[in-house]
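Please walk through this structure with an eye to how its strands are joined and how its chains touch.

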Amino acid sequence: MDIITPMLTEPFILKGLLAGLIVALVAGIMGCFVVWRRMAYFGDSLAHSALLGVAFGIALGIDLNLSVIILCSFFALLLVWLQRKKLFATDTLLGILAHAALSVGVVTISILEQRIDLQGYLFGDILTVGDDQIWWLVIGGSFILFTLILNWSSLVLMTIDEDLAQAENVSVSRLQILLMFLMTIMIAISIKIVGILLIASMLIIAPAASRQLSRSPEMMAVIASLIGVVSVVAGIYSSFQFDTPSGPTIVAALAVIFVVSFPLSKIFRKVSPV
Amino acid sequence: MTNLISAENLTIRRDNKKILDNVSLDIEARDFVTILGPNGGGKSMLLKCLMGFFTPDEGTVKRESTLKIGYVPQKFFSEQTMPISAIQFLQLRKKVTPEELKMIATETKIEGLLHKPLNILSGGEVQRILLARSLIGTPEILVLDEPAQNLDISGQLAFYKLLSEIYEERSLSILMVSHDLHMVMATTKKVVCLFHHVCCSGEPQVVTQDPEFITLFGNDMAEMMAVYQHGHNHSHAH
């Protein structure tokens with residue numbers, strides 16, 4: 001059975017593959033900050049709230065990427081405000097926010113339209129990736145990449161120690177908000193590829209695997225992107241072969257690489273000890 | 001003599017409480033000032049105010065815009081999830097020539113640590129790396145926030161010895177928050193006791209006999225300091 005040829009000739013598969021590669025490339029680098037700054041649960045909660053953004057987008061008839069970015073940014077700011085109030089621990093707030101937003105999102109979508117493909121939003125469906133989505137990915141993805149690269153050393157220093165960064169004239173609060181905004185764009189553009197429920201794993205598994213193999217922050221980011229790219233190719237290929245949803249298949253491929261990274265890192269250390 | 005940093009009547013309020021209450025402080029060239037006081041008394045806040053992290057609710061901080069500050073933060077934890085070596089950390093956002101780096105590494109005794117990952121270094125080693133970073137670019141003033149907090153006694157001794165060597169050899173000022181007054185007594189020129197307001201300030205010998213100092217730290221501390229000073233003066237007599 002030949003599966004490679006249709007993968008490379010069918011335009012909708014090519015589009016899906018291209019979309020997946022862009023997401024993997026950007027998520028690997030963005031994800032390093034998620035891992036370093038312990039934003040995994042934060043990112044996951046924001047991604048859950050994205051479904052409410054999708055619902056609003058459908059209701060108001062505006063672009064779904066845009067409505068997700070707007071709603072997630074609103075939730076991120078709400079969260080920062082609630083965190084400063086210190087009424088509840090952050091994980092409690094995140095838990096409430098994530099599941100309340102997801103539930104209200106599902107309820108709204110059910111009321112609005114009967115035939116919407118909910119599973120496609122939750123777990124990704126690369127077959128629905130259209131030209132406009134590719135544009136969103138190219139523009140949003142490059143914006144994230146260039147912003148991270150331009151502010152790289154300030155972001156790394158701030159992640160190591162915020163007071164030290166501030167003493168060296170890094171505007172810490174501006175960068176924190178910037179990072180949050182980049183996260184909302186990342187979520188919006190990757191919904192169709194990996195799905196709302198799996199965006200966080202796309203962000204953390206590749207950097208976590210890459211951590212074992214890297215010796216510098218930059219190296220960790222580059223290897224994370226490479227791992228993401230390999231997983232996307234393997235995941236999308238398997239997703240066609242076995243007719244499975246794209247998001248979970250890609251994440252399963254990531255998980256396999258994560259497990260393999262442990263014995264691999266031992267070999268790395270033997271070849272070139274620190 | 002001109003002041004490097006000059007703070008006048010600083011007041012900072014948080015949730016209707018005065019964290020700093022009408023605090024004035026001048027740091028001169030070649031000064032060595034240690035801020036002492038109970039936890040939660042606004043010591044770190046004062047440092048951050050002097051460096052310009054916060055704008056005070058009342059009062060003014062005057063600082064040359066070109067003043068080069070080297071900062072050693074409080075409670076530094078190396079992030080386990082980030083692979084970064086000591087030398088990469090030192091060069092992060094810093095323009096440093098190989099010669100300067102080599103000189104500072106010798107000065108702070110970190111030559112052997114440069115290529116090790118930051119997260120495997122001991123508390124004392126990390127403090128020396130932070131001190132080295134603060135020295136890049138020849139600062140006019142070093143600001144240290146409880147730099148020896150997480151070190152054991154011998155680590156504290158070694159760190160303060162290193163710091164006083166740097167103070168002797170370089171023409172810079174030092175502003176430090178520290179609980180370990182008995183260890184910096186010999187080099188500190190001026191002690192400022194802070195509990196929201198400046199309780200007392202002046203030379204260490206004078207401050208430890210101040211009634212306010214005794215109220216704040218109790219008789220035992222004052223007596224311990226007196227004993228230390230006696231020993232110190234005594235050794236000079238020989």
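Two strands are taken to pair if DSSP finds at least two bridges between them. In this predicted model, strand β6 (residues 141-145) of chain B and strand β7 (residues 173-177) of chain B run parallel and are joined by five bridges. One residue pair shows the register of these strands: B:Leu142 has B:Ile174 in β7(B) as its bridge partner.

These two strands belong to a wider arrangement, an open sheet of six strands in chain B whose order is β5-β6-β7-β3-β8-β9 and whose pairing is mixed. At its edges lie β5 and β9 (197-202) of chain B, each of which pairs on one side only. Between neighbouring strands of this sheet the turn is 15° on average, with direction ignored.

Helices of chain B can then be placed against these strands. Helix α1 (residues 43-51) of chain B packs on the sheet, where it touches β3 (32-36), β5, β6, β7 and β8 (190-195) of chain B, and its direction makes about 150° with that of β6(B). Helix α4 (residues 123-135) of chain B, for its part, lies across β5 and β6 of chain B and runs at about 165° to β5(B).

There remains the contact between the chains, to which chain A gives 21 residues and chain B gives 17 residues. On the side of chain B that touches chain A, β5 (69-72) and α2 (86-91) of chain B each supply at least two residues. By character, the residues on this side of chain B comprise twelve nonpolar, three polar and two charged.

Methods: Residues numbered from 1 in each chain as written. Chains lettered and ligands numbered in written order. Predicted model: local features only at pLDDT ≥ 70, side-chain atom pairs only at ≥ 80, totals over all residues. Contact = placed C-beta atoms within 7 Å. Helix = DSSP H or I, 4+ residues; strand = E, 2+ residues; numbered from the N terminus. Nonpolar A, V, L, I, M, F, W, Y, C, P; charged D, E, K, R; others polar. Axes fitted to C-alpha atoms, helices over the stretch in contact; angles between N-to-C directions.
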